[in-house]
Amino acid sequence: MRVYLDNAATTAMDDRVVEAMIPYMKEHYGNPSSVHSHGRQVRSAIEKARKKVAELLNASPAEIFFTSGGTEADNTAIVCGIETHGITHAITSPIEHHAVLHTLEECAKKGKVSLSLVEVNSQGEINLDHLQELLKQNPKSMVSLMHANNEIGNINDLNTMGNLVKEYEGFFHSDTVQTMGHYVHDLKNLPVDSVVAGGHKFHGPKGSGFLYVRKDKKIHPFIYGGAQERNMRGGTENVIGIVGIAKALELAYEDMSGHQSHIEGLKKYFIGLLKNDIPGIEFNGLSEHLDKSLYTVLNVSLPPSEENRGMLLFNLDLHGISASGGSACSSGATVGSHVLRALNHDYERESVRFSFSRFNTKEEIDFTVEKLKELYGVVV
């Protein structure tokens, strides 16, 4: 049996998404910038996709820009937001995705901004009092704080953070890669200036993404070379990716509550089995708490084990289980998790992130727990 529990890294494409994309791989191959009928037909598909994404997110089509994925979208929002609006200070957290953290560190290294890191506690919760203190000291900052953490699953309150940033006239960007397609985003009523998406996180194609930028916070392009995306992103559009991500988001919204109910049930069931069957099991961040974390992510901290030290993910793979995460320490070839290091995770304990999708089953959870029991010497 092969079990895939690494859906926070990427998801299987939905067959209906593939079906929507195929015509644009075969019959409809015109360049959308061409004025002839072949080009116009493809241009129409792109604009239809943009309209669909905007409609689902309660945004204007003019606020949606298609990209190659979440990383490009994060880079665009941060780098161009800083440059366009003359921002000289930025705030983020030590547990952001590297698409945000490394980008801001590079901006600071090049002297574009000074950079502050907001404090997080041992469970990865953002210290909102410290955020307010930093904003008081540095009004009009670029603030980039994720909606939910990709490793430990913690969900942050976009309304609370966004209103704080607004109070101090900042630019609020949020990496929403892990929540897009899994939670409702009402962008007209959220105090965010930009958010991002990567299609492959919600059963769409890899190499597809989009950036939302609020119309009153316009930014200049990150990639030059052509007039595509209303002069915001040079280069011939990834038509099949654009069609695919719009279809994937449409399918996600069609039965979001049903998907959540199924996946949350699996996560709750998994937590119960682990607590019952693995002595000394713990959970990282807030991932154990269903009301405070992504229903798609569970980050498990396992008891010290010499046999699995530095080898847990490899051993799981040998047993047919795909997951990710790893330890917080840097040893040998493994760099480890910067998120777990920031939480002062116990280096003696191996950690693994299990992440779920609507395609997972209860039988897969049973199989995974049985294999963990074998690996940790629990009598089966």
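These are my notebook entries on a predicted model, taken one topic at a time.

**Entry 1: the four-stranded sheet**

I began with an open sheet and wrote down its strand order, which is 9-10-13-12, with antiparallel pairing. Which strands stand at the edges? They are strand 9 (282-283) and strand 12 (324-325). Each of these has a single partner strand, so one side of each is left without a neighbour in the sheet.

Next I looked at how strand 10 is held. Strand 10 (residues 297-301) pairs with strand 13 (residues 351-355) in the antiparallel sense, over five bridges. I picked out two of the facing pairs: Asn299 stands opposite Arg353 in strand 13, and Val297 has Ser355 of strand 13 as its bridge partner. Strand 9 is joined to strand 10 by two bridges, and these two strands also run antiparallel. Here I found Phe283 opposite Val300 in strand 10.

Is strand 10 covered or exposed? I noted it as mostly covered, with five of its five residues buried. I also sorted its side chains by direction: Val297, Asn299 and Ser301 point one way, while Leu298 and Val300 point the other way, and all are buried.

I then asked myself which helix lies across this part of the sheet. Helix 9 (residues 256-277) does, lying across strand 9, strand 10 and strand 13. Helix 9 runs at about 10° to strand 10.

**Entry 2: salt bridges**

How many salt bridges are there? The count comes to 21. I followed three of them by hand.

My first stop was Glu237, which forms a salt bridge with Arg43, and I noted 2.9 Å between the closest N and O atoms. This pair links distant parts of the chain, with the two residues 194 apart. Glu237 sits in the loop between helix 7 (228-231) and helix 8 (239-254), whereas Arg43 belongs to helix 2 (residues 37-57). I checked burial on both sides: Glu237 counts as buried because its relative accessibility is 7%, under the 20% limit. Arg43, at 25% relative accessibility, counts as partly exposed.

My second stop was within helix 2. Glu47 forms a salt bridge with Arg50, the closest N and O atoms again being listed at 2.9 Å apart. Both residues lie in helix 2, three residues apart, which is about one turn of the helix. Glu47 is partly exposed, with a relative accessible area of 32%, but Arg50 is buried, with a value of 1%.

My third stop was Lys217, which forms a salt bridge with Asp193; the closest N and O atoms are 3.3 Å apart. Lys217 lies in the loop between strand 8 (209-213) and helix 7, and Asp193 in the loop between strand 6 (171-174) and strand 7 (194-198), so the pair ties together parts that are 24 residues apart in sequence. Asp193 is buried, at a relative accessible area of 10%.

Before leaving this topic I asked which residues are joined into one network by salt bridges that share partners. They are Arg43, Glu47, Arg50, Glu229 and Glu237.

**Entry 3: helix 5 and helix 6**

Here I looked at a pair of helices. The axes of helix 5 (residues 128-137) and helix 6 (residues 158-167) come within 10 Å and cross at roughly 20°. That makes helix 5 roughly parallel to helix 6, and the crossing is right-handed. For the residues that meet, I listed Leu128, Leu131, Gln132 and Leu135 from helix 5, against Thr160, Met161, Leu164, Val165 and Glu167 from helix 6.

**Entry 4: three loop residues**

I looked up Thr176 first, in the loop between strand 6 and strand 7. Thr176 is buried, with a relative accessible area of 0%. What is Thr176 in contact with, leaving aside its neighbours within four places in sequence? I found His147, His185, Val195 and Val196.

Then I turned to backbone angles. His203 has a positive phi of about 70° although it is not a glycine. His203 sits in the loop between strand 7 and strand 8 and is buried, at 3% relative accessible area.

Asn344 is also a residue other than glycine with a positive phi, near 55°. I located Asn344 in the loop between helix 11 (338-342) and strand 13. Is Asn344 buried or exposed? I noted it as exposed, with a relative accessible area of 68%.

Terms used: Residues numbered from 1 in each chain as written. Predicted model: local features only at pLDDT ≥ 70, side-chain atom pairs only at ≥ 80, totals over all residues. Heavy atoms only, no water. Pairing = 2+ DSSP bridges. Contact = heavy atoms within 4.5 Å. Axes fitted to C-alpha atoms, helices over the stretch in contact; angles between N-to-C directions. Salt bridge = Lys/Arg side-chain N within 4 Å of Asp/Glu carboxyl O. Buried < 20%, exposed > 50% of the residue type's maximum accessible area, 1.4 Å probe, protein only. Parallel < 35°, antiparallel > 145°, perpendicular 65-115°, else oblique. Left-handed = near helix turned anticlockwise from the far one by under 90°.
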